[in-house]
Amino acid sequence: MFDSNTKFLIVDDTRTIRSLMKEILQNLGYSNFDEAEDGKQALEKMKTAADANAPYGFIICDWNMPNMTGLELLEARNNDPRFQNVPFLMVTIESERDYVLKAVAMGVSDFVVKPFSETTVKAKLQSVYNRMKK
């Protein structure tokens, strides 16, 4: 599993979802996280953290948000060499094949479908970790 000091960025326009994800991560032994309300705010935080030599080690991002969607943030991650290797877990209610295929083609690490549980998040984190170690 990822190191307990991994710095997570939780991106969702719903405060309740961000709080739930933080609680789940705490239960899994993580304590280093930040949050953003949309992709635009997340991208600014990613740039600031990278410039301060304290980059995020994992991004958990909602798909549907105002200002900048999760897919747009994923594209921005892909276009900046500082972020290209940062795991990106997409949280979504979208389960349509076309949506999933588009995100996979863009390099998303994995998906969590709402509503989600601690068990699901843990399994997805483990899956991403296992693929990265190969």
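Helix axes here are lines fitted to C-alpha atoms over the stretch in contact, and angles run from 0 to 180 degrees between N-to-C directions. With that in hand, helix α1 (residues 15-27) and helix α5 (residues 118-133) cross at roughly 70°, their axes coming within 10 Å. This is a predicted model, where local features need pLDDT of at least 70 and side-chain atom pairs count only at pLDDT 80 or more, while totals for chains, interfaces and linings use all residues. Residues are numbered from 1 along each chain as its sequence is written, and side-chain values use heavy atoms, with hydrogens and water left out.

**α1 against α5**

- Angles of 65 to 115 degrees count as roughly perpendicular (under 35 is roughly parallel, over 145 roughly antiparallel, the rest oblique), so α1 is roughly perpendicular to α5.
- On the α1 side, Met21, Ile24, Leu25 and Asn27 meet Glu118, Val121 and Leu125 of α5; contact means heavy atoms within 4.5 Å.
- Sorted by type, the residues of this α1 and α5 contact are five nonpolar, one polar and one charged.

**α2 against α3**

- α2 and α3 pack with their axes 9 Å apart, at an angle of about 25°.
- That angle makes α2 roughly parallel to α3.
- Gly39, Ala42, Leu43 and Met46 are the α2 residues here, and they meet Leu73, Ala76 and Arg77 in α3.
- Once again there are five nonpolar residues, one polar and one charged in the contact of α2 with α3.

**The cores**

- The largest nonpolar core (buried Ala, Val, Leu, Ile, Met, Phe, Trp, Tyr and Cys joined through side-chain atoms within 4.5 Å) has 26 residues, and Val11, Leu73, Phe88 and Met90 touch the most other members.
- Two or more residues of this core come from each of β1 (8-11), α2 (39-51), β3 (58-62), α3 (70-79) and β4 (88-92); helices (H or I, at least four residues) and strands (E, at least two) are DSSP runs, numbered from the N terminus.
- α2 gives the largest share of this core, five residues.
- Beyond its neighbours within four places in sequence, valine 11 touches residues including Ala36, Ala42, Ile59, Met65 and Leu73.
- There's also a second, separate core of 16 residues, with Phe2, Leu25, Val91 and Val128 among them.

**What's buried in α3**

- Gly70, Leu71, Leu73, Leu74, Ala76 and Arg77 of α3 are buried, meaning under 20% relative accessible area (exposed is over 50%, partly exposed in between; 1.4 Å probe, protein chains only).
- The cover over these buried α3 residues includes β1, α2, β3, β4 and α4 (97-105).

Key
Nonpolar A, V, L, I, M, F, W, Y, C, P; charged D, E, K, R; others polar.
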